[in-house]
Amino acid sequence: MSVTKRETAGNSPPPWLPADEALRRDCDCHTYRASGPGRKKRNVTESAVRQRHRPNSDRVVATESRSQAENRRRALRPLRLALAVAQRRPAQVLSTETRARVIDGGGRFAVNVRDPKFPELVAAVLDHLEANDGRTGATAETFGTTSSQLVRFLRRENIVWAEANRIRGRHGQSVLR
């Protein structure tokens with residue numbers, strides 16, 4: 001999945017927010033037979049799904065399930081994440097309420113990668129990382145957590161990790177390891 005950095009207007013709604021059906025309308029969907037072992041329906045029927053988001057040309061593939069309908073549903077999660085990673089917006093001031101919703105009592109990010117709010121949180125963290133010139137300490141402080149917890153959050157998804165390192169590189173910061 002290739003994602004490029006794009007700026008979006010601060011007042012336009014982010015592209016990962018639409019309901020599932022609205023997001024699907026913006027996508028071209030192609031089904032095909034997934035490869036794999038066995039004759040377990042997976043490689044016998046066209047259950048794999050490849051979706052391309054027409055406005056941004058982001059592409060995602062879902063082959064995990066033997067059900068085409070399930071794969072269509074599953075493809076939306078990585079698509080939303082790819083859109084959240086690719087779009088930078090001006091960093092918004094975080095309210096205490098928002099901070100309390102995403103950071104648990106131990107200072108850890110409390111939003112699971114499967115949570116529908118995860119792409120929104122990823123976008124906010126990356127927007128703040130960009131606004132803080134790639135500095136993890138300043139970004140962690142914004143969210144009321146530690147640098148190590150922020151790095152642990154960024155490491156959850158490869159696409160997020162790669163974008164965080166691109167942001168840091170643009171600002172002359174060293175690559176996160």
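Student: Over how many bridges do S2 and S3 pair?
Tutor: The model is a predicted one. In it, the pairing of S2 with S3 is antiparallel. One bridge joins Cys 29 to its partner Gln 51 in S3. The count of bridges between S2 and S3 is six.

Student: Over how many bridges do strand S3 and S4 pair?
Tutor: Strand S3 covers residues 48-53, and its pairing with S4 is antiparallel. Within this pairing, Val 49 stands opposite Ala 62, and His 53 stands opposite Asp 58. The number of bridges between S3 and S4 is five.

Student: Which are the edge strands of the open sheet formed by S2, S3 and S4?
Tutor: The order of the three strands is S2-S3-S4, with antiparallel pairing. An edge strand here pairs on one side only. That description fits strand S2 (27-32) and strand S4 (58-62).

Student: By how many degrees are neighbouring strands of this sheet turned against each other on average?
Tutor: The sheet is open and antiparallel, in the order S2-S3-S4. With direction ignored, the average turn between neighbouring strands is 15 degrees.

Student: In the hairpin of S3 and S4, which residue takes a positive phi?
Tutor: The hairpin has four residues between the strands. The phi in question is near 65 degrees, and the residue that takes it is Ser 57.

Student: How many disulfides does a search of the whole structure find?
Tutor: A disulfide needs two cysteine sulfur atoms within 2.5 Å. For Cys 27, the nearest cysteine sulfur is that of Cys 29, 8.1 Å away, so Cys 27 is in no disulfide. Cys 29 is likewise in no disulfide, with the sulfur of Cys 27 as its nearest at 8.1 Å. The search of the whole structure gives zero.

Student: Is Cys 27 buried or exposed?
Tutor: Buried means under 20% relative accessible area. The value for Cys 27 is 9%, so Cys 27 is buried.

Student: How does Cys 29 count in terms of relative accessibility?
Tutor: The partly exposed class lies between the cut-offs of 20% and 50%. Cys 29 has 34% relative accessibility, so Cys 29 counts as partly exposed.

Student: Which residues does Asn 71 touch, not counting residues up to four places away in sequence?
Tutor: Asn 71 lies in helix H2 and is buried, with a relative accessible area of 0%. Its contacts beyond four places in sequence are Ser 47, Ala 48, Val 49, Ala 62, Thr 63, Glu 64 and Ser 65.

Student: Which element gives the largest share of the largest nonpolar core?
Tutor: This core has 27 residues, and those touching the most other members are Phe 109, Leu 121, Val 122, Val 125, Leu 126, Phe 153 and Leu 154. Two or more residues come from each of helix H2 (68-86), helix H4 (118-131), helix H5 (136-143), helix H6 (147-154) and helix H7 (158-170). The largest share is six residues, and the element that gives it is H4.

Student: How many residues are in the second, separate core?
Tutor: Val 60, Ala 75, Leu 79 and Leu 83 are among its members. The second core has eight residues.

Student: Which helices do the buried residues of H6 pack against?
Tutor: The buried residues in H6 are Gln 149, Leu 150, Val 151, Phe 153 and Leu 154. Leaving aside neighbours within four places in sequence, Phe 153 is in contact with Phe 109, Phe 118, Leu 121, Val 122 and Val 125. Taken together, the buried residues of H6 pack against H4, H5 and H7.

Student: How is H5 oriented to H6?
Tutor: H5 and H6 have axes 8 Å apart. Thr 136, Gly 137, Thr 139 and Ala 140 of H5 make the contact with Ser 147, Leu 150 and Val 151 of H6. The packing angle is about 95 degrees. Angles of 65 to 115 degrees count as roughly perpendicular, so H5 is to H6 roughly perpendicular.

Student: What percentage of the contacts in the protein chain with a separation of 6 or more is between residues 24 or more positions apart?
Tutor: The protein chain has seven helices and five strands, and 42% of its 177 residues count as buried. From the N terminus the elements run β-α-β-β-β-α-β-α-α-α-α-α. For contacts with a separation of 6 or more, the part from residues 24 or more positions apart is 60%.

Technical notes: Residues numbered from 1 in each chain as written. Predicted model: local features only at pLDDT ≥ 70, side-chain atom pairs only at ≥ 80, totals over all residues. Heavy atoms only, no water. Pairing = 2+ DSSP bridges. Axes fitted to C-alpha atoms, helices over the stretch in contact; angles between N-to-C directions. Buried < 20%, exposed > 50% of the residue type's maximum accessible area, 1.4 Å probe, protein only. Core = buried A, V, L, I, M, F, W, Y, C linked by side-chain atoms within 4.5 Å. Contact = heavy atoms within 4.5 Å. Parallel < 35°, antiparallel > 145°, perpendicular 65-115°, else oblique.
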